[in-house]
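Work through these short exercises with the structure in view. Try each task before you read its solution.

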Amino acid sequence: MDMSDMPPEGKAPQLTVMTVNIHKGFTTFNRKFILPELRDAIRKVGADVVFMQEVLGTHEEHSRKIADWPETPPYEFMADEIWPQHAYGRNMVYPKGHHGNAVMSKFPIVHYENHDVSIAGPEKRGLLHCVLKVPGYDKEVHVICVHLGLAEAHRQQQLDLLCQITHTEVPAAAPLIVAGDFNDWRRRANDILWREAGLREIFVTAYGEPAKTFPAIFPVLSLDRIYVRNCSVHLPVVLPRKPWSHLSDHAPLVAEIHL
């Protein structure tokens with residue numbers, strides 16, 4: 001990065017983050033492959049760091065049958081030249097391929113680790129923890145991409161594991177951003193994450209309640225979240241139905257983070 005990427009002297013850097021469940025690059029009910037269109041829409045947002053859930057790593061059948069299937073793994077295709085740094089955490093493995101979470105970053109990812117937080121049963125879930133180095137900033141920035149289970153009992157255990165990670169792997173003073181699909185339709189996560197990990201949900205802080213994101217065509221459930229610790233947030237927004245309700249069953253969230 002050149003000097004134009006450096007924050008002005010005496011001013012804390014800021015970065016724009018986005019989280020979206022991309023449904024493996026297909027429309028609802030898997031009727032149409034739209035990964036190229038989805039990539040274009042995410043590019044237009046211009047986020048510095050993108051948290052993605054339900055990202056395909058590979059799929060042998062799709063790669064044979066779909067004409068515009070990318071030559072590189074879908075998460076690399078999404079990152080391309082816009083996000084030179086990316087990390088993928090494989091969660092669900094099946095005979096034809098696998099999928100999981102991914103983080104795309106315009107800043108160097110100096111370390112990453114995928115934590116398997118699956119509970120016994122068919123659901124496979126993970127927490128992808130990445131450590132970023134932001135030019136001109138002396139602290140490492142920690143980001144965790146989350147996709148939790150559908151069952152309440154599973155989510156409770158997964159939230160406990162997430163809280164443990166925020167203490168054992170993240171320095172107490174380091175900026176921390178946790179984002180993704182929490183499947184927390186009963187809104188139990190906010191109190192747990194604040195009490196056990198000091199994480200604030202940014203829409204609750206800004207507007208008094210979490211953002212409604214699902215289903216994207218007419219959102220009624222608050223499944224997707226962004227939480228922060230040791231940083232502040234400016235104007236978090238839910239991206240509009242057009243074009244996003246066509247591209248994902250979850251409405252994406254975007255926010256400006258001040259370190």
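**Exercise 1.** Is N230 buried, partly exposed or exposed?

This is a predicted model, where local features need pLDDT of at least 70, side-chain atom pairs count only at pLDDT 80 or more, and totals for chains, interfaces and linings use all residues. Residues are numbered from 1 along each chain as its sequence is written, and side-chain values use heavy atoms, with hydrogens and water left out.

Step 1. Get the cut-offs: buried means under 20% relative accessible area, exposed over 50%, and partly exposed in between (1.4 Å probe, protein chains only).
Step 2. Read the value: N230 has a relative accessible area of 38%.
Step 3. Conclude: N230 is partly exposed.

**Exercise 2.** Place N230 and describe its phi.

Step 1. N230 sits in the loop between strand 10 and strand 11 (232-238). Helices (H or I, at least four residues) and strands (E, at least two) are DSSP runs, numbered from the N terminus.
Step 2. Its phi is near 65°, a positive value in a residue other than glycine.

**Exercise 3.** Do the same for N183, then classify its accessibility.

Step 1. N183 belongs to the loop between strand 8 (176-181) and helix 5 (189-197).
Step 2. Phi of N183 is near 50°, positive in a non-glycine residue.
Step 3. N183 has 7% relative accessibility, so N183 counts as buried.

**Exercise 4.** Which residue does a cis peptide bond join to P215, and where is P215 found?

Step 1. The partner is F214, and omega is about -10°.
Step 2. P215 is in the loop between helix 6 (202-207) and strand 10 (224-229).

**Exercise 5.** Describe the cis peptide bond at P243.

Step 1. The bond joins K242 and P243, with omega about 5°.
Step 2. P243 lies in helix 7 (residues 241-247).
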